[in-house]
Amino acid sequence: MWPRTHRVETSTELIGDLREVAEAAGVTIYTETAATSLLTDENGKVIGATAEQANGTKITINTANGVVLACGGYCANPAMVKEYDQYWGDDLSDHTLTTNVGTNEGDGILMAQAIGADTVGMEVAQMMPSSSPLKGTMTDGAWGDASEQIWIDGDGNRFVDEYAERDVLAKASLQLEDGIFYIIYAGKVGEDGLLKGATLEDQMFGTSIQDMVDNGHVWYGSTLAEVAEASATSAGGAAPAFTEEALRETIEKYNSYVEAQEDPDFHKEVLAGAIDIEAIEADPNVGFVISPRKASLHHTMGGLKIDTEAHVLNTDGEIIEGLWAAGEVTGGVHAGNRLGGNAVADIFTYGHIAGGNAAAGK
Ligand SMILES: Cc1cc2nc3c(=O)[nH]c(=O)nc-3n(C[C@H](O)[C@H](O)[C@H](O)COP(=O)(O)OP(=O)(O)OC[C@H]3O[C@@H](n4cnc5c(N)ncnc54)[C@H](O)[C@@H]3O)c2cc1C
């Protein structure tokens with residue numbers, strides 16, 4: 001309903017700019033250094049932290065005003081997600097993969113809990129449906145906007161409204177065999193309005209489709225018969241052996257729904273991306289891509305309980321002096337199902353508040 005994503009050329013630009021400003025202000029940044037505990041004085045005020053560097057060196061950081069925790073969520077600690085989960089049940093295991101960096105293991109939550117911090121919303125974690133079955137990352141696959149996507153099961157049939165919320169999509173896909181589903185991709189709508197087939201040089205997240213084929217992540221074919229034949233070999237940990245007929249039937253049915261702007265099967269609200277099979281098959285330079293996908297852990301909505309000034313609260317609802325938190329380490333900001341794009345708004349809003357208050361010691 002509302003504009004929400006703040007998009008820049010690349011996310012690393014944000015990091016680079018923040019780093020430049022911080023260093024100009026005299027901040028020392030320690031990389032490859034993991035905080036291990038928070039230090040408190042006799043009144044319970046946070047006065048620093050202990051940390052361990054990658055080479056094993058243990059260090060203590062003493063602070064004048066306190067500590068801001070900004071060390072992300074706990075998607076890379078599936079056992080911790082499962083411990084609190086009240087939503088996914090058996091769809092989640094201690095080994096569920098994640099889209100996150102491996103260091104997001106909930107350290108900030110655990111360190112703060114050790115000095116009495118409260119948490120909120122830990123019972124819900126978000127799963128990203130379109131993840132690599134092998135790596136858990138959002139890479140190694142090809143797809144367009146949700147309105148254009150066609151998702152199929154191992155028999156080549158659609159099974160869900162591809163435009164639905166992430167939890168609905170993840171739940172539906174995890175009911176399929178091995179929790180794996182497949183996205184049919186045939187390229188992007190060109191400037192002339194015609195849908196172009198995918199070329200092997202097309203890039204997704206910096207990887208070409210040719211590389212994805214070579215590394216066994218997706219199937220490619222310049223005709224439906226070719227991509228169907230390719231699907232009998234393993235990619236992304238699956239080998240469903242689609243038939244050309246099943247793929248054709250599904251695409252043609254989907255095309256008719258786009259034409260009619262009505263999806264009687266799954267009631268997809270925004271219908272686009274009709275695939276011109278004939279035009280793609282007639283051009284040897286373009287084709288169809290099928291990407292196996294499996295839901296993986298993406299965002300933890302739960303975390304440390306904070307107030308609107310980013311103070312961390314204890315289990316009695318009182319402010320823990322000298323401790324602020326911002327970003328995915330906190331809970332309650334996104335309720336039960338974060339909207340894509342809102343985490344960037346969260347981290348820049350609360351990061352600013354937490355940093356300002358910590359600098360001012362209030
Ligand atoms: C693939 C992907 C795509 C996404 N796309 C979007 C998007 O388009 N829009 C959007 O709004 N959100 C998106 N999100 C979500 C968003 O990126 C995160 O919610 C956000 O980055 C969280 O920011 P953060 O600063 O709280 O934590 P993070 O960015 O997770 O950073 C936490 C940092 O703390 C470090 N750390 C962890 N433990 C310790 C420790 N003990 N000591 C020291 N450091 C530690 C970690 O290594 C990490 O570098 C995406 C997430 C992923 C994974």
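**View 1. Thr50 and Thr60 meet across a strand pair.** Here Thr50 has Thr60 of strand S3 as its bridge partner. One step along, Ala51 is matched with Ile59, again in S3. Strands, like helices, are DSSP runs numbered from the N terminus (E, at least two residues, for strands; H or I, at least four, for helices). Please keep in mind that this is a predicted model: local features need pLDDT of at least 70 and side-chain atom pairs count only at pLDDT 80 or more, while totals for chains, interfaces and linings use all residues. Residue numbers start from 1 along each chain as its sequence is written.

**View 2. A hairpin joins S2 and S3.** Strand S2 covers residues 46-53 and pairs with S3 in the antiparallel sense over 5 bridges; two strands count as paired if DSSP finds at least two bridges between them. The hairpin leaves 4 residues between the strands, and Gly56 in the turn has a positive phi of about 95°.

**View 3. S1, S2 and S3 make an open sheet.** The 3 strands follow the order S1-S2-S3, with antiparallel pairing. S1 and S3 stand at the edges with a single partner strand each, so one side of each has no neighbour in the sheet. On average, neighbouring strands here are turned by 25° against each other, direction ignored (axes are lines fitted to C-alpha atoms, for helices over the stretch in contact, and angles run from 0 to 180 degrees between N-to-C directions). How many of the 5 residues of S3 are buried? The number is 0, so S3, residues 58-62, lies largely in the open. Buried means that 20 or more other C-beta atoms, placed from the backbone, lie within 10 Å of the residue's own; exposed means 12 or fewer, and partly exposed is in between.

**View 4. A shell of 23 residues surrounds the ligand.** The closest are Gly72, Thr103, Asp107, Gly327 and Ala343; a residue is near if its C-beta atom, placed from the backbone, lies within 6 Å. Strand S1 (33-40) and helix H9 (342-360) each supply at least two shell residues, and H9 gives the largest share, 4 residues. By class, the shell has 10 nonpolar, 11 polar and 2 charged residues.

**View 5. The whole chain sets the scene.** Its secondary structure comes to 9 helices and 16 strands, and the C-alpha trace spans about 75 × 40 × 40 Å along its principal axes. Of the 362 residues, 39% are buried.

Technical notes
Nonpolar A, V, L, I, M, F, W, Y, C, P; charged D, E, K, R; others polar.
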